[in-house]
Each structure stands twice: as structure tokens, then as C-alpha cells.
Amino acid sequence: MNVQQLKQQFTEKYGENSAEIRVFNAPGRVNLIGEHIDYNGGYVLPAALEFGTTLIIRERQDDEIHFYSTNLSHEAVIKVEDIGKEKSGEWIDYPIGVMVEIIKAGTSITKGYDLMFHGEIPNGAGLSSSASIEVVTAYALLTLEGGKVDTVEISLLSQRAENQYVGVNSGIMDQFAVANGAEDHAILLMCDTLEYKHVPFRTGDYKLIIGNTNKRRGLVDSAYNERRQQCDQSLAILKEQLPSLSYLAELTPAQYSELESALGDDILKKRTKHVVEENARVLASVDALSSGDLQAFGELMNASHDSLRDLYEVSCEELDVMVEEARKIPGTLGSRMTGAGFGGCTVSLVHENDVDRFVQEVGAAYKERTGLTGDFYVCGVGDGVKELKGEA
Ligand code: GLA
């Protein structure tokens with residue numbers, strides 16, 4: 001749906017008034033490599049997608065905030081003074097959590113608003129639909145209330161909304177990628193210091209294909225928290241050997257080999273080995289992409305998946321089958337799960353001549369082996385959050 005149609009839908013829903021209708025957009029994200037690294041203080045390499053969440057917003061003459069979505073069923077009205085008073089367990093907790101954090105950070109919400117969200121990211125697919133709702137809300141409200149519009153601060157504020165208000169203990173990667181993406185560039189983010197740089201993502205004749213397993217990520221919250229605890233446990237043990245260590249991802253593979261035996265427990269060894277090696281793979285990926293060595297980048301993607309499956313143990317049958325079938329297509333350079341795991345999406349780098357074959361053959365084999373229908377999106381890398389001005 002284009003912006004004009006969305007604006008029309010907005011006025012059909014909320015009626016006409018003289019205040020200006022403003023339009024903002026934040027993308028979803030795909031993580032290219034560096035999985036389960038953000039909360040371990042290392043490097044990740046996500047990229048913003050070309051589709052995301054559009055927010056149409058207009059101020060009201062009273063103190064009511066109206067929430068409506070074109071793709072999510074719950075609707076609500078709250079008063080400005082009631083922001084944050086009651087959690088609903090619905091999607092509106094994301095924008096309300098952001099409002100709570102905006103107020104805590106010193107910008108008042110001084111008036112009521114009509115909000116209409118239009119999401120194009122499949123929910124629960126691990127492509128950060130929630131981060132995109134949070135970031136677009138923060139960016140729009142800070143703009144309209146005259147607050148400081150800083151995309152790094154917006155990422156942190158949105159992460160706090162998710163951690164504290166919604167109650168999901170996620171790292172910084174998703175919100176950061178959604179807020180700071182740049183067209184045709186991946187983001188190399190150092191999650192401890194939040195230093196980042198845009199790395200040109202030039203793939204020539206190769207395309208990114210996102211494969212949605214359509215397996216709902218059932219176990220994800222409890223397993224995610226369990227992985228985080230295991231990493232904290234490893235860190236505490238390794239700190240006894242190396243007091244200067246503040247995050248697991250700081251360890252080089254060589255340092256890790258020397259310290260590994262101190263961990264004792266096999267599970268902790270597997271989790272830590274993944275973190276240390278995955279972090280090294282991110283840096284190797286940036287080298288490979290910078291020198292145009294897509295073959296090497298593809299191999300690193302494959303190694304990342306295998307490690308998430310065997311060491312970090314956050315894959316699942318559906319993801320493994322889709323990756324396995326993807327790798328059978330001759331034009332596939334690499335294929336891996338992306339995001340938290342236990343369902344959600346894969347990402348593959350595939351020669352453009354093989355894209356149709358990929359979609360057909362991987363789709364058919366996936367259906368036959370799992371009984372589920374996969375969805376495939378051939379996608380480019382888009383921009384981070386912004387106001388749509390000319391386009392609107
Ligand atoms: C989810 C979390 C991120 C990150 C990834 C795994 O997407 O929201 O913070 O930890 O999982 O890499």
C-alpha cells in the first residue's frame with residue numbers, strides 16, 4: 001500500500017482535522033552474521049530491510065492517544081496521563097513502552113495523538129517487527145514533541161522499552177539496526193561500545209533470499225533467557241582466570257582454547273565456543289565483503305549456522321531443513337538461520353540466475369519434509385528510520 005492510500009485510510013478512520021498528518025517509516029532487519037553476540041559484547045553485522053512499519057500520526061486537540069493498526073487486531077485509546085499505568089499484553093505495549101521511556105528520558109508528551117501503524121513485516125518471524133514499531137514510535141514522537149532525535153539514543157530507549165515495559169530481555173542489535181540502517185550497507189556494530197560503521201554490501205550478481213519457515217518461535221523466550229544465563233555463568237568462571245574480562249566476546253579463539261578447561265561443564269564450553277568463534281566470523285566477514293570475496297562470506301554464513309545448530313543449540317528442524325535444501329542449489333554461496341532461532345527465518349546468498357529455482361526447489365522440498373509452507377523474499381538492503389516527506 002502506498003503512502004497516499006495509507007493517509008486516506010487514516011482519515012477514514014480518524015476523520016479530517018486541520019493538524020498536519022506526518023508519515024514515518026522504520027524497517028525490519030536481517031542479521032547477516034553475528035548471532036547471539038549482542039548481549040555478549042561483541043560484533044554483529046545486521047542490515048535494514050526494504051520493508052518495515054509505517055506510522056501515520058497526527059496530533060489531537062485533546063489528551064487522548066488512539067492506537068490502530070492495519071494489520072494487528074487490537075485497538076485502544078488511553079489518556080496521556082495514563083501512559084504506562086497498565087500493560088495490556090497486546091502490541092500497543094510496544095509503543096506505550098516507548099512513550100514511558102521518552103518521558104523518563106526527559107521529553108514530555110504534551111498532547112494527544114492519532115496513530116495508525118501499517119506493518120509489512122511478518123510477525124513472529126524474527127525480522128524485528130517489534131523493534132521497528134518501537135523505533136518508528138520513538139522517532140515520530142521525539143520529532144513532534146521537539147525532543148532530541150538521535151538514532152543511537154532512540155535505539156537504546158527502544159531497547160529499554162522492550163526490556164523493562166514489554167519484559168523481553170533482548171540485546172541492542174535489533175533496535176540499533178532498525179534505527180541506523182543505510183541503503184546497500186550492512187552495519188558493523190560493536191555491541192559493548194556501540195561504535196559502528198556502515199559496510200558496503202555489494203553482492204553483484206548475488207541476491208539475499210530470506211526464507212520464512214513459518215514455524216512460530218515457540219520456545220524462544222525461555223531458551224533465549226537460558227542462553228543468556230549460561231553465558232553469564234561462563235563469564236563469571238572465566239573472570240576468575242582473567243579478571244580484566246568484561247564480556248565473553250572479548251576472548252580471542254586462542255585465548256579461549258587456553259581457558260576452556262576452567263569451564264568444566266560441556267554445555268558452557270559449547271556456548272562459549274560459539275560466542276568466541278562467531279565473533280571472529282563477523283570480523284572475517286567484513287574482510288571478505290570488503291575484498292569482494294563472496295565465496296568466503298558464504299562459507300562463514302554456513303559455519304555460523306552449523307555452530308548455532310551444534311554448539312549454541314538454538315536452531316530447530318525446520319530451520320535446519322530449509323538451510324540444508326538451500327545449500328543444495330548450485331548458486332547458493334551460504335545459508336543460515338537468522339535472529340534468535342527456534343523458528344523464524346533463514347538468510348541465503350544466491351546467484352540471481354538461480355533465484356527462481358531456489359524458491360521452487362527449496363520451497364517444495366521444505367514442504368515435503370516438514371509439512372509447512374515456506375515464504376521467500378528476495379530483498380535488498382534499505383534505510384533506517386526516517387520521516388517520509390517528499391514521498392508523502
Ligand atoms: C533476538 C534479540 C537480539 C539478538 C538476537 C540473536 O533478535 O532481540 O537482541 O540477541 O536475537 O542474535
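**Questions on a predicted model: sheet, ligand and buried residues**

Trainee: What makes strands 9, 10, 8 and 11 an open sheet?

Mentor: Those four strands form an open sheet in the order 9-10-8-11, with antiparallel pairing. Strands are DSSP runs of E with at least two residues, and helices are runs of H or I with at least four, both numbered from the N terminus. Two strands pair if DSSP finds at least two bridges between them. The edges are strand 9 (332-338) and strand 11 (375-379), each of which pairs on one side only. This is a predicted model, in which local features need pLDDT of at least 70 and side-chain atom pairs count only at pLDDT 80 or more, while totals for chains, interfaces and linings use all residues. Residues are numbered from 1 along each chain as its sequence is written, and side-chain values use heavy atoms, leaving out hydrogens and water.

Trainee: How do you know that strand 8 and strand 10 pair?

Mentor: Strand 8 (residues 206-212) and strand 10 (residues 345-351) share seven bridges in the antiparallel sense, and the criterion is at least two. Within this pairing, Tyr-206 stands opposite His-351 of strand 10.

Trainee: What packs on the sheet, and at what angle to strand 11?

Mentor: Helix 11 (residues 355-370) does, touching strand 8, strand 9, strand 10 and strand 11. Contact here means heavy atoms within 4.5 Å. The direction of helix 11 makes about 160 degrees with that of strand 11. Axes are lines fitted to C-alpha atoms, for helices over the stretch in contact, and angles run from 0 to 180 degrees between N-to-C directions.

Trainee: Why is strand 6 called largely enclosed?

Mentor: Strand 6 (residues 185-190) has five of its six residues buried, so the rest of the structure largely encloses it. Buried means under 20% relative accessible area, exposed over 50%, and partly exposed in between, with a 1.4 Å probe and protein chains only. Strand 6 runs antiparallel to strand 2 (residues 43-59), joined by two bridges, and Val-44 has Leu-189 as its bridge partner in strand 6. Five bridges join strand 6 to strand 7 (residues 196-200), also antiparallel. Strand 6 and strand 7 form a hairpin with five residues between them, and Leu-194 in the turn has a positive phi of about 65 degrees.

Trainee: Why does Ser-304 count as buried?

Mentor: Ser-304, in helix 9 (residues 294-310), has a relative accessible area of 0%, so it is buried. Ser-304 touches Ile-33, Glu-278, Arg-281 and Arg-336, not counting residues up to four places away in sequence.

Trainee: What makes the link between the side chains of Ser-304 and Arg-336 a polar contact?

Mentor: The distance is 3.0 Å. A polar contact is a pair of N or O atoms within 3.5 Å; within protein, one must be able to donate a hydrogen and the other to accept it, and residues adjacent in sequence count only if both atoms are side-chain atoms.

Trainee: Why is Arg-271 counted as buried?

Mentor: Arg-271 lies in helix 8 (residues 266-290) and is at 4% relative accessibility, so it counts as buried. Among the residues that Arg-271 touches are Arg-227, Gln-230 and Tyr-312.

Trainee: Which side chain has an N or O atom 2.6 Å from a ligand oxygen atom?

Mentor: That of Glu-35. A polar backbone atom of His-36 is 2.7 Å from a ligand oxygen atom, and a polar side-chain atom of Asp-38 lies 2.5 Å from one.
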